[in-house]
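The following exercises concern a predicted model. Each task is followed by a solution that proceeds step by step.

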Amino acid sequence: MTRIVIIGGGPGGYEAALVAAQLGARVTVVEEEGPGGACVLTDCVPSKTLIATSVRKQALLDAASVGVRFDGGLDGDAGGIAVDMIDVNKRVKELALAQSGDIAARLAAEGVEVIRARGRLVDPQVVRAGDRTIRADVVIVATGAHPRVLPGAEPDGERILSWRQLYDLEELPGHLIVVGSGVTGAEFAGAYQSLGSEVTLVSSRDRMMPNEDADAAEVLEEVYRRRGMNVMGRSRASSVKRTEHGVVVTLEDGRTAEGTHCLMTVGMVPNTSGLGLEDNGVRLDRGGFIEVDKVSRTSAPGVYAAGDCTGVLMLASVAAMQGRIAVWHALGEAVQPIRLATVASNIFTDPEIAAVGISQRQIESGEIEANVVKLPLATNARAKMQGFHDGFVKLFCRPNTGIVLGGVVVAPRASELILAVSVAVQHRLTVDQLAHTFAVYPSLSGSITEAARRLMSPLTAGI
């Protein structure tokens, strides 16, 4: 029986463990924090739970636009809507622990051994887990990453915070300054704005989320500004200091921003130090990420890696697929190398931003030739009924064949709407095939089939 030891119990680790157990391997997972790892306990699950609460409150704030008004109610907030951060954060933590418990139960049901300890590679086939030494045929490293700390802005857990420290706050920040306008910064900035904090978003670039679709980022920034957020572009923070009653953020150009709290969202650092990786032939890149190929192999024979510690794409879905692929390859099963061009991603802002396949940037640079159509969400009947005005559906296809190459959706629940485009990209469907698929009327998904119809060739558009 093949013995597999997995260092790290996040999505890359526990998904690999489940596949390995189902294929008959003897599996041990070494995880320091608990089943699910940081993704479930401190990062993805907690943040999206908090965001779900903020979206619910924003819907109440926007209800007047569809004729629903609040007369009286709880004191302490506009429109009689109050937020109790103790209850909110209690729910966040309880849900994360419950999800971790569900993962633990699933692993146990499959016969996977879980050791609560820090794992370390002693040899390419030997793992040290606490006071135990385990020999393995295959080792998978899935140790994740942690928030990057900016020198001069070290989190103290009270006023200067990493996102892992937010859930210990007992009160809503009066004025939250978010440093970093990437995906994480944009998500938390929008969430706390909706919950009732005054928010200042400090961005070192010209716009929010510079690596995402420019049209999508423009829509979101417009929404944020309309809701009262102060978005400071071209503003790189040089230091964050505590004051008597809050914080002051000093920018490189000498300007300052003052608030009650500061959230640092300036990237991630891989959890690869102190694991004995380089001593055992596992090559790291300049950023400390583990170098892997498309089937998750490292430079050390028998050692694979998955998830954020590889820096491939920091998404739970990618980590999970890397872990599965590692097991399939190690056990000699049929396996397809990971295809990053088919990865769907979502930014859990309000509205959400989902994307899959090629990007507008690749088309504009001439790297890829594609036809593009963009439909504003405001023309969709269901969107009108629900009072949604911001967003769009964008679809890309090959000029001659009409094969769907990708798309972007900016809408409420875009994370659900993108699936149709993902299926089309994965299976190389054409816009004709997508257009001839029935969509419910009225529905937001109807905009996807309508976009496909507009991209159909003249010869097939009338069929």
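**Exercise 1. Determine what covers the buried residues of helix α10, and describe the geometry of this helix.**

Solution.

Step 1. The buried residues of α10 are A414, L417, I418, V421, S422, A424 and V425.

Step 2. Their cover includes the strands β19 (344-347), β20 (352-357), β22 (392-397) and β23 (404-411), together with helix α12 (446-455).

Step 3. Helix α10 spans residues 414-426, which makes 13 residues. The distance from its first C-alpha to its last is 18 Å, close to the 18 Å expected at 1.5 Å a residue.

Step 4. A kink of about 30° is nevertheless present in α10, with its centre on A420.

Step 5. Just after the helix, R428 adopts a positive phi of about 55°.

**Exercise 2. Classify S415 as buried, partly exposed or exposed, and identify which residues it touches.**

Solution.

Step 1. S415 is located in helix α10.

Step 2. The relative accessibility of S415 is 24%, and the residue therefore counts as partly exposed. The range for this class lies between the buried limit, under 20%, and the exposed limit, over 50%.

Step 3. With residues up to four places away in sequence set aside, S415 touches N346, F348, E352 and A354.

Step 4. One of these contacts, F348, is 67 residues from S415 in sequence, while the two C-alpha atoms are 8.1 Å apart in space.

Step 5. Two of the residues touched also face each other: N346 has A354 in β20 as its bridge partner.

**Exercise 3. Establish how β19, β20, β22 and β23 are paired.**

Solution.

Step 1. Begin with β19 and β20, which pair in the antiparallel sense over four bridges. These two strands form a hairpin with four residues between them.

Step 2. Continue from β20 to β23: this pairing is antiparallel and has six bridges. Within it, E352 has A411 as its bridge partner, and G357 stands opposite G406.

Step 3. Next, take β22 and β23, which are likewise joined by six bridges in the antiparallel sense. Here F396 is the bridge partner of G406.

Step 4. The hairpin of β22 and β23 has six residues between the strands, and G402 takes a positive phi near 75° in it.

Step 5. As for burial, β23 is mostly covered, with eight of its eight residues buried.

**Exercise 4. Work out the order of strands in the open sheet that contains β14, and explain why β13 and β15 each have one side without a neighbour.**

Solution.

Step 1. The sheet has three strands in the order β13-β14-β15, and the pairing is antiparallel.

Step 2. β13 (237-242) and β15 (256-259) are the edge strands; each has a single partner strand, so one side of each lacks a neighbour in the sheet.

Step 3. On average, neighbouring strands of this sheet are turned by 15° against each other, direction ignored.

Step 4. Between β13 and β14 (residues 247-251) there are five bridges. In this pair, R242 stands opposite V247.

**Exercise 5. Identify which residues touch the most other members of the largest nonpolar core, and which elements contribute to this core.**

Solution.

Step 1. This core has 40 residues, and those touching the most other members are L50, L166, F188, Y192, M208 and M209.

Step 2. Two or more residues are given to the core by each of α4 (85-109), β10 (175-179), α5 (183-195), β11 (198-202), α6 (214-226), β22 and β23. The largest share, six residues, comes from α6.

Step 3. For Y192, leaving aside neighbours within four places in sequence, the contacts are L50, M85, L166, L172, P173, L176, S197 and V199.

Step 4. Another core, of 27 residues, lies apart from this one and has V356, V373, A383 and I448 among its members.

**Exercise 6. Compare the span of helix α7 with its expected value, and state which residues are buried.**

Solution.

Step 1. Helix α7 (residues 316-330) has 15 residues; at 1.5 Å a residue it should span 21 Å. The end C-alpha atoms are 21 Å apart, which agrees.

Step 2. The buried residues are V318, A319, A320, Q322, G323, I325, A326 and V327 in α7.

Step 3. Their cover includes α1 (11-22), β7 (138-141) and β18 (303-305).

Step 4. Just after α7, G332 has a positive phi of about 75°.

Notes. Residues are numbered from 1 along each chain as its sequence is written. This is a predicted model: local features need pLDDT of at least 70, side-chain atom pairs count only at pLDDT 80 or more; totals for chains, interfaces and linings use all residues. Side-chain values use heavy atoms; hydrogens and water are left out. The expected span of a helix is 1.5 Å times one less than its number of residues. The bend at a residue is the angle between axes fitted to the seven residues ending there and the seven starting there. Buried means under 20% relative accessible area, exposed over 50%, partly exposed in between (1.4 Å probe, protein chains only). Contact means heavy atoms within 4.5 Å. Two strands pair if DSSP finds at least two bridges between them. Axes are lines fitted to C-alpha atoms, for helices over the stretch in contact, and angles run from 0 to 180 degrees between N-to-C directions. A nonpolar core is a set of buried Ala, Val, Leu, Ile, Met, Phe, Trp, Tyr and Cys residues joined through side-chain atoms within 4.5 Å.
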